[in-house]
Amino acid sequence: MSIDPNRILQDINALAAFNATPNNGVTRFTYTPQHKAAQQWLVQRMQQAGLTVQIDPVGVVVGRLSGKDPSLAAVATGSHYDTVGHGGRYDGIAGVVAGLEVARALQEEGFVPQRPVEFIATVAEEGSRFGHSLFSSQAMAGLLQKHDLADYRDSNGITIEAAMAQFGLDPAQFAKAKRAPGSLRCFLELHIEQGPVLDHTGEDVGIVEAIVGMKELTVTITGKANHAGATPMYLRSDALLAACRMALAAEEAAIREQNGTVATVGSLQVEPGGFNIVPGRAVFTLDIRSVSEQSLERVSQTLLERLAQICHAESGLSFTCETKVDVPPVKMDPSLRQLLTEQAAKLGLSARQMPSGAGHDAQMMATFTPTAMIFVPSQDGRSHCPQEYTSPLQLANGTKLLYAAIQQLSGR
Ligand code: HGY
Ligand code: MN
Ligand code: MN
């Protein structure tokens, strides 16, 4: 087996160079010049690995190794190549690069699969630019709505639709990104764990049992901007204080679930933002996740009730709450998990069955094809930050498992 940690590292570093913030982590938002450069690099690397390459209507790169019987449903693997702002080099990219390395190893081995194998590099998984996460995998699943392309905007007010057109895509064709039912045999995603478990236990790989459901809300609280010196405390409608109470309520509600449910206020904008002005407006995000659908519902309901309580009539505060993302938890395919577990044992890799606290394209792919995930360790459990790190050997271990699974699933 010719899985080469050095080639993997070279690709990781090459992709990291397509970066809008080279002095502070990696930032590669969707439909940007950095995305375009990375896409061109990916097309070229996939072609060098012997794949025929297409770009789908929303910008997903699909490299295809046709099998002896091209009419059979393809075994697919992939992940995303967009990043969060000031993120790391491995989130998503590890799965894209693992796919490239598997394609090269299959080519070197002269392996001709019975059924086609697809290597997929998705876009806008993070939703960092427009706030719509899992965007292209939702398109592949046929779950994207036309209004999504107009409803979501970046910080400059550019819609997804306009950004797609500027990027050279035709937004009117987005629905054609939907994969035909039965076109895929299965989807495997290799991804960094983004948490501390494997780093702590020392196991080589994780085999994901289920992926959390996610609710992403944007809350706007409107109060009264006022003079910070002359306005008595009891006469204030301070939007920031209300937002802070909500952040504490979110922490409390998540902990109360006692099942790993999490809730995060990740971003907060305060207006007008002067040191001597009582905040008149606060806009913040609420990210709620759980493997339990009941917990997701209970926490979001509790927080909406708390919001209404805080912004009651006499407080002079009002609020709006917009749901940006609402995806249910999803279980990974049991027979694929079994196959990965057996293959890991054969390869002498220690494997841990575990949930995913992060969301992934895999949860959209699972709506139309059997899906499974391979985790590789994250050093100190860090992710979504420049400190994100997984060693070439750890990446190679996961890639060897992916390679073995793809060979078995695509049939000699
Ligand atoms: O937010 C997530 O869990 C993923 O990184 N998009
Ligand atoms: Mn991420
Ligand atoms: Mn990711």
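How many salt bridges does the structure hold? The structure, which is a predicted model, holds 17 salt bridges, and some of them are described below after the metal site and the ligand.

## The manganese site

The manganese ion (ligand 2) is coordinated at 2.0 to 2.1 Å by three residues, namely Asp91 through OD, Glu126 through OE and His384 through NE2. Along the sequence these donor residues follow the spacing D-x34-E-x257-H. The site joins distant parts of the chain, since Asp91 sits in the loop between β3 (74-80) and α3 (93-109), while His384 sits in the loop between β16 (371-376) and α12 (392-410), 293 residues apart.

Asp91 also serves a second metal, as this residue bridges the manganese ion (ligand 2) and the manganese ion (ligand 3), the two ions lying 3.4 Å apart. The two loop residues differ in burial class: Asp91 is buried, with a relative accessible area of 5%, whereas His384 counts as partly exposed at 41%.

## Surroundings of ligand 1

Ligand 1 is surrounded by Asp91, Glu125, Glu126, Arg289, Ala358, Gly359 and His384, a shell that divides into one nonpolar, two polar and four charged residues. Asp91, Glu126 and His384, which coordinate the manganese ion (ligand 2), thus also belong to the shell of ligand 1.

Among the polar contacts, a side-chain atom of Glu125 lies 3.1 Å from a nitrogen atom of ligand 1, and a polar backbone atom of Gly359 is 2.7 Å from an oxygen atom of the ligand. For His384, an N or O atom of the side chain is 3.0 Å from an oxygen atom of ligand 1. Taken alone, ligand 1 exposes 210 Å², and the protein buries 89% of that.

## Salt bridges

Asp11 forms a salt bridge with Arg45, in which the closest N and O atoms are 2.7 Å apart. Because Asp11 lies in helix α1 (residues 5-16) and Arg45 in helix α2 (residues 33-48), this pair ties together parts that are 34 residues apart in sequence. Asp11 is buried, with a relative accessible area of 0%.

Glu101 and Arg104 meet in a salt bridge at 2.8 Å, N to O, and both are buried, Glu101 at 0% and Arg104 at 10% relative accessible area. Both residues lie in helix α3, three residues apart, which is about one turn of the helix. Salt bridges that share partners join Arg7, Asp11, Arg45, Glu101, Arg104 and Glu108 into one network.

Methods
Residues are numbered from 1 along each chain as its sequence is written. Chains are lettered from A and ligands numbered from 1 in the order in which they are written. This is a predicted model: local features need pLDDT of at least 70, side-chain atom pairs count only at pLDDT 80 or more; totals for chains, interfaces and linings use all residues. Side-chain values use heavy atoms; hydrogens and water are left out. Donors are N, O and S atoms within 2.8 Å of the metal (3.2 Å for Na, K and Ca); water is not among the atoms, so sites may look incomplete. Helices (H or I, at least four residues) and strands (E, at least two) are DSSP runs, numbered from the N terminus. Buried means under 20% relative accessible area, exposed over 50%, partly exposed in between (1.4 Å probe, protein chains only). A residue is near a molecule or strand if one of its heavy atoms lies within 4 Å of it. A polar contact is a pair of N or O atoms within 3.5 Å; within protein, one must be able to donate a hydrogen and the other to accept it, and residues adjacent in sequence count only if both atoms are side-chain atoms. Accessible areas come from the Shrake-Rupley method with a 1.4 Å probe; for residues, only the protein chains shown count as cover. Ala, Val, Leu, Ile, Met, Phe, Trp, Tyr, Cys and Pro count as nonpolar, Asp, Glu, Lys and Arg as charged, and the others, Gly among them, as polar. A salt bridge is a side-chain nitrogen of Lys or Arg within 4 Å of a carboxyl oxygen of Asp or Glu.
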